[in-house]
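I open this page to record what I looked up, entry by entry, beginning with burial and going on to packing.

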Amino acid sequence: MFAEEKLNVIREYLKTKFPDYTVDEGYEFDHSAQTFRLRRRNKMHFVIISEEFIDDREGSKIKTSLQKIPLKKYFHQEGVTCVIITNSSIRKMKGRTFK
């Protein structure tokens, strides 16, 4: 599991970036990733961040790295509901692929 300070950085970033959304989270043991669910009325988006991405960065570097990813732009694309972030890639997906 991750240090609470790193998760707090991610939570605060998402709450700032998506102020009208409720942010829920959970750990995906099968995929070694932290999942953040963003909900607002009839909209739902998922940001899935790999364990390696979180472990390999200090809290301040996590925020800097996330700021470079245009999450809002991705979620405005037709059908994109899930963004998966790893050290090696950023994948946009339609629909929810994790449990």
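Entry one, burial. Working from a predicted model, I went through helix 3 and noted that G59, I62, S65 and L66 are buried there. Looking down the axis of helix 3, I found that its buried residues fall within an arc of 120°, so they line one face of the helix. On the other side of helix 3, I noted S60 and K61 as exposed. I then asked what covers the buried residues of helix 3, and I listed helix 1, strand 3 (43-50), helix 2 (51-55) and strand 4 (80-85) among the elements that do.

Entry two, packing. Two packed helices are described by the angle between their axes and the distance between the axes. For helix 1 (residues 4-17) and helix 3 (residues 59-67), I recorded that the axes come within 8 Å and cross at roughly 30°. Because angles under 35 degrees count as roughly parallel, I entered helix 1 as roughly parallel to helix 3. I noted the crossing of these two helices as right-handed. On the side of helix 1, I listed K6, V9, I10 and Y13, which meet G59, I62, K63, L66 and Q67 in helix 3. Sorting the residues of this contact by class, I got five nonpolar, two polar and two charged.

Entry three, a loop residue. I located H31 in the loop between strand 1 (22-28) and strand 2 (33-40). Is H31 buried, exposed or partly exposed? I put H31 down as partly exposed, because its relative accessible area is 38%. I also checked H31 against E51, which lies 20 residues apart from H31 in sequence and 8.7 Å apart in space, C-alpha to C-alpha.

Notes
Residues numbered from 1 in each chain as written. Predicted model: local features only at pLDDT ≥ 70, side-chain atom pairs only at ≥ 80, totals over all residues. Heavy atoms only, no water. Axes fitted to C-alpha atoms, helices over the stretch in contact; angles between N-to-C directions. Helix = DSSP H or I, 4+ residues; strand = E, 2+ residues; numbered from the N terminus. Parallel < 35°, antiparallel > 145°, perpendicular 65-115°, else oblique. Left-handed = near helix turned anticlockwise from the far one by under 90°. Contact = heavy atoms within 4.5 Å. Nonpolar A, V, L, I, M, F, W, Y, C, P; charged D, E, K, R; others polar. Buried < 20%, exposed > 50% of the residue type's maximum accessible area, 1.4 Å probe, protein only. Arc of directions from axis to C-beta.
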